[in-house]
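Got the viewer open? Load the model, keep the selection box handy, and follow the stops below.

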Amino acid sequence: MQNIKKQFPIFSRPEAGSRYGGTNHPNMIYLDSAATTQTPSVVIDAMNDYYTKTRSNVHRGIYDLSEQATAAYEAARASIAKFLNAEREEIIFTSGTTHGLNLLAYSLTPKLSHRDNVVLTRLEHHANLVPWQQMAKHYGFTIRYIELTPEDELDLASAEKVIDANTKIVSFALVSNVLGTVAQAKKISEFAHARRALTIVDAAQAVAHLPIDVENLDCDFLVFSGHKLYGPTGIGVLYSKKALLEESLEPFFFGGDMIKSVSYTDATWAELPERFEAGTQNISGVIGLGAAVEWLASLGWDKIVAHEREMMAYALDKLKNEVTIIGPAIGHIHRVGVIAFTIPSIHPHDIAEILNQDNICIRVGFHCAEPLHRHLGAGPTARASFGVYTTKEDIDKLVKGIEKVKKIFA
Amino acid sequence: MSGTLYHEALLEIYKHPLNKQVPSDFSIQHKEINSTCGDEVEIFIKLENDRVATIGWQGSGCAISQASASLTTDAVKGKTAAVIKTLTPESVLHLLGLPKLNPTRLRCALLALEALKKAL
């Protein structure tokens, strides 16, 4: 991952006279990749190519330009399918993880009743909690939670207990956006399938850090956002097993491009996956995301995982005497992507503000996981999160910044 | 800007807050939460002849929001509800000795004022 920052224009030297204001940030210490990652040139170029060379609507025009745009769009779908070890018909484009989870919550719950339950976990992001809560109000099912172990991992014994014959859906984060812990997804899927429940994996925080193989995970659905794996904002993926798309899931949005034939009284649906993509899609977003997964795969997962493990171990070691780390800080637990922390009697907001003076970007607050913070007995926390471009120098500067914070508040 | 954000007087008032207690006698109570960062300020007031006779607050949050709660509650002692409602964001910033804040931090600074206005 040496010199990888060079591939990211935001870290380059400022160009004179940008028309839109703003500037590049060669000295920025960007430690908020769990919120959104930066974008490499290859992704920007791919989108730019669409806008400057093939801009037209997809699946519609007979003319060459539209054929080229459609080819680029479908090539991106194929890349993403390969990236997940899925088939192309199983890849549905959404606006992001939140869209995917809402679509699933709306689509899968109308048949549920007060006898049924949906199983989530204690560490879910609001996007994998609030949609289910709202649907529970409509349909009367209960929500159960898989508990955490003392080391803040998902407790498999608890999973086995809460998933029962009345469980219809089990939906969980593959990686926690606060604790960084990794779910034993395969085991949880096993429990769920033994009870004939469907499994949904929220891979938003995992997809940039771990290779994802939907066949190996044996999940029924998996969702993620493009902007968390170096792709554009406003694009995401809903993976679904083909059989479920064919038999269990009805189209969620209706309109153009998702139909086969329409009369004044009814309509029939297009083939997979178009039937789940009504209206003109985020074409440049899809193309950008395709470029992002190709680029990420080209770096090599072994190298990505090794680099990020090294950065994580280095950061935990440097930070453990400076701050109170939320979640596991011990070597044998695989922690991915994020370190949430607090400093006694200094509010996280103040930590972030002072770090900002030195061009260090971290996130503070509940990270859209307020119930988890309450569950852990924590208030808001500060969170540093890493990407492929994170260096030891970045972490050293964070540690220096934290020393400064403590000095100001001493 | 942020060089002067954590000036000494502000940090001092953050570490040694004013009026940070629940008064034994109060008739008005209101809590405001800043959902972006989890700051909380709850205000307790007893009015006499429409003037603030007793005021106290409880809360947790960043230095800006908490110092502001101290200084804002102190500034409105003896004032009428009508006068308090005319207090401006600028006047709170002046109390805090802060020139200008970005929109996120401004919400922290004005949390106590918001709680006060909603309480009355």
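Before the first click, one definition: two strands pair if DSSP finds at least two bridges between them. Helices (H or I, at least four residues) and strands (E, at least two) are themselves DSSP runs, numbered from the N terminus.

Some housekeeping too: this is a predicted model, where local features need pLDDT of at least 70, side-chain atom pairs count only at pLDDT 80 or more, and totals for chains, interfaces and linings use all residues. Residues are numbered from 1 along each chain as its sequence is written, while chains are lettered from A and ligands numbered from 1 in the order in which they are written.

**Stop 1: a covered strand in chain A**

Select 167-173 and 198-202 of chain A. These are β5 and β6, which run parallel and are joined by five bridges. Put A:S171 and A:I200 on screen together: A:S171 stands opposite A:I200 in β6(A).

Now colour β6(A) by burial. A residue is buried if 20 or more other C-beta atoms lie within 10 Å of its own, exposed if 12 or fewer, and partly exposed in between, with C-beta atoms placed from the backbone. Five of the five residues of β6(A) are buried, so the strand is largely enclosed by the rest of the structure. In a regular strand the side chains alternate between the two faces of the sheet. Here, A:L198, A:I200 and A:D202 sit on one side, A:T199 and A:V201 on the other, and all are buried.

**Stop 2: the two domains of chain A**

Colour 4-39 + 300-408 as domain 1 and 47-297 as domain 2; such bounds come from an automatic or database domain assignment. The C-alpha centres of the two domains lie 27 Å apart. Their contact takes 25 residues from domain 1 and 28 residues from domain 2, where contact means that the C-beta atoms of two residues, placed from the backbone, lie within 7 Å.

Which elements give two or more residues to the domain 1 side? Select α10 (301-319), β12 (338-342) and α12 (370-375) of chain A. By class, that side has 14 nonpolar, nine polar and two charged residues. For the classes, Ala, Val, Leu, Ile, Met, Phe, Trp, Tyr, Cys and Pro count as nonpolar, Asp, Glu, Lys and Arg as charged, and the others, Gly among them, as polar.

**Stop 3: an open sheet**

Stay with β12(A) and bring in its sheet. Four strands form an open sheet in the order β11-β12-β15-β14 (chain A), with antiparallel pairing. At the edges stand β11 (324-326) and β14 (363-365), each with a single partner strand, so one side of each is left without a neighbour in the sheet. The middle pair, β12(A) and β15 (residues 381-385), is antiparallel over four bridges. Click A:I339 and you'll find A:A384 of β15(A) opposite.

**Stop 4: backbone oddities**

Go to A:L272 and A:P273, which are joined by a cis peptide bond with omega about -5 degrees. A:P273 is found in the loop between β10 (267-269) and α9 (283-299) of chain A.

Next, A:N359 has a positive phi of about 70 degrees although it is not a glycine. Look for A:N359 in the loop between α11 (348-357) and β13 (360-361) of chain A. With 14 C-beta neighbours inside 10 Å, A:N359 counts as partly exposed.

Hop over to chain B for another non-glycine with a positive phi: B:N19, near 60 degrees. B:N19 lies in the loop between α1 (8-15) and β1 (28-34) of chain B. Buried or exposed? B:N19 is buried, with 20 other C-beta atoms within 10 Å.

**Stop 5: chain B and its side towards chain A**

Show chain B as a cartoon. You should be able to trace six helices and three strands, in the pattern α-β-β-β-α-α-α-α-α along the sequence. The C-alpha trace spans about 45 × 25 × 25 Å along its principal axes, and buried residues make up 38% of the 120 residues in chain B.

Centre on B:T80, in the loop between α2 (63-75) and α3 (81-85) of chain B. Leaving aside neighbours within four places in sequence, B:T80 is in contact with B:D50 and B:R51. B:T80 has 15 C-beta neighbours inside 10 Å and counts as partly exposed.

Last selection: 13 residues of chain B are in contact with 14 residues of chain A. The chain B side divides into seven nonpolar, six polar and no charged residues.
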